[in-house]
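Please keep the sequence and the three-dimensional view side by side while reading, since the text moves back and forth between them.

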Amino acid sequence: MSEMAKKCGVLFDLDGVLLDSEGLYTIFWDQMDKDYPTGVENFASFIKGFHLTRILGYFDTDEVRQQVLDRLLDYERNMRYEFFPGALEFVKRLRDSGIPMAIVTSSDRKKMQSLYRQHPEFPTLFDHIITGDMVTKAKPDPDCFLMGAKLLGIDIRDCIVFEDSRNGLIAGRASGAKVIGIATTLTIDEVSQLSDMTAHSVSELDIEQVINCVSRE
């Protein structure tokens with residue numbers, strides 16, 4: 001393994017990067033905005049990458065927020081969590097190469113437990129998993145990625161962030177990491193404006209491309 005590979009760390013967003021779930025969440029939040037209007041244009045797209053606490057803040061009463069939360073928890077309990085083709089294989093190749101990795105997601109622990117029940121192997125693939133309830137400031141603030149780099153013991157400037165949402169891409173860039181934008185939520189042109197490298201799927205990439213991304217000046 002090269003010296004660059006040894007010091008390179010990878011910080012993965014989850015939904016829309018590894019997990020093919022953004023479409024399901026769009027359906028859910030579109031319905032919530034119809035049932036409890038927020039007044040925010042394109043609400044489901046606007047909130048992508050936000051922590052749940054911030055999302056709930058767009059609903060106008062505690063009663064409505066609790067109703068939305070209850071419906072979300074029920075929705076997530078019954079979701080089928082499917083990964084993009086080749087996504088887990090890509091993660092395993094990185095792991096087998098000795099590259100430290102963390103998940104940095106806005107999802108909370110309850111959602112992650114539902115994921116683990118369906119895919120027990122998933123948490124064993126990563127050195128750390130950072131959930132939205134572990135950070136004070138959510139994306140687009142870079143705190144979550146800075147926490148990920150710190151837990152991996154790697155300078156954020158030697159880390160690569162994989163993101164798909166606008167808020168996540170902004171957070172990744174603000175952290176000081178290199179950013180690989182995955183065009184599943186946004187178009188490739190939109191993603192490229194906030195990324196050092198772009199792809200339609202992580203399965204398009206190989207390990208050398210990842211390492212070369214972090215070595216760019």
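What follows is a walk through a predicted model, taking up a helix, the aromatic rings, a pocket and some backbone details in turn.

A convenient place to begin is helix H7, which spans residues 109-118 and contains tyrosine 116. The relative accessibility of tyrosine 116 is 18%, and because the limit for a buried residue is under 20%, tyrosine 116 counts as buried. Once its neighbours within four places in sequence are set aside, tyrosine 116 is in contact with Phe122, Pro123 and Ile129. Leucine 52, by contrast, is separated from tyrosine 116 by 64 residues in sequence and by 19 Å in space, taken from C-alpha to C-alpha. Tyrosine 116 shares its buried state with other residues of H7, namely Lys111, Met112, Ser114 and Leu115. The cover over the buried residues of this helix includes helix H2 (22-35), helix H5 (62-78) and strand S3 (128-130). At the start of H7, the backbone nitrogen of lysine 110 has a side-chain oxygen of aspartate 108 within 3.3 Å.

The aromatic residues offer a second way into the model, which holds 15 aromatic pairs. In one of them, phenylalanine 28 and tryptophan 29 have ring centres 4.9 Å apart and ring planes at 85°, so this pair is edge-to-face; phenylalanine 28 and tryptophan 29 are both buried. The rings of phenylalanine 46 and tyrosine 58 also form an edge-to-face pair, because their planes stand at 85°, with the centres 5.7 Å apart. This second pair links distant parts of the chain, 12 residues apart, with phenylalanine 46 in helix H3 (residues 43-46) and tyrosine 58 in the loop between helix H4 (52-56) and H5. Phenylalanine 46 is partly exposed at 36% relative accessibility, and tyrosine 58 is partly exposed with a relative accessible area of 24%. Ring pairs join these four residues to others in a cluster made up of Phe28, Trp29, Tyr36, Phe43, Phe46, Phe50, Tyr58, Phe59 and Tyr75. Over the ring of one cluster member, phenylalanine 50, sits the charged end of arginine 54, at 3.8 Å from the ring centre.

Where do phenylalanine 46 and phenylalanine 50 appear again? Both help to line the largest pocket, together with Thr26, Ser45, Lys48, Ser165, Arg166, Asn167, Thr185 and Leu186. About 180 Å³ of space lies in this pocket, and the elements that give two or more residues to its lining are H3 and H9. Serine 165, one of the lining residues, belongs to the loop between strand S4 (159-163) and helix H9 (166-175). Its relative accessible area is 2%, so serine 165 is buried. The side chain of serine 165 reaches the backbone nitrogen of glycine 168 at 3.0 Å, while its contacts, leaving aside neighbours within four places in sequence, are with Lys48, Gly49 and Leu186.

Two backbone details remain. Most residues other than glycine have a negative phi, and most peptide bonds are trans. Asparagine 42, although not a glycine, has a positive phi of about 50°; this residue is placed in the loop between H2 and H3 and is exposed, with a relative accessible area of 55%. Lysine 139 and proline 140 are joined by a cis peptide bond with omega of about 20°, and proline 140 lies in the loop between S3 and helix H8 (143-152).

Technical notes. Residues are numbered from 1 along each chain as its sequence is written. This is a predicted model: local features need pLDDT of at least 70, side-chain atom pairs count only at pLDDT 80 or more; totals for chains, interfaces and linings use all residues. Side-chain values use heavy atoms; hydrogens and water are left out. Helices (H or I, at least four residues) and strands (E, at least two) are DSSP runs, numbered from the N terminus. Buried means under 20% relative accessible area, exposed over 50%, partly exposed in between (1.4 Å probe, protein chains only). Contact means heavy atoms within 4.5 Å. A polar contact is a pair of N or O atoms within 3.5 Å; within protein, one must be able to donate a hydrogen and the other to accept it, and residues adjacent in sequence count only if both atoms are side-chain atoms. Rings of Phe, Tyr and Trp (its six-membered ring) pair if their centres lie within 6.5 Å; planes under 30 degrees apart count as stacked, over 60 as edge-to-face and the rest as tilted. A charge sits over a ring if NZ of Lys or CZ of Arg is within 6 Å of the ring centre and within 35 degrees of the ring normal. On a 1 Å grid over the protein atoms alone, a cavity is a set of points where a 1.4 Å probe fits but cannot get out, and a pocket is an open set with protein on both sides within 12 Å along at least five of seven lines; lining residues have an atom within 4 Å of a point. Grid points are joined across faces, edges and corners, and a volume is the space filled by probe spheres set on the points.
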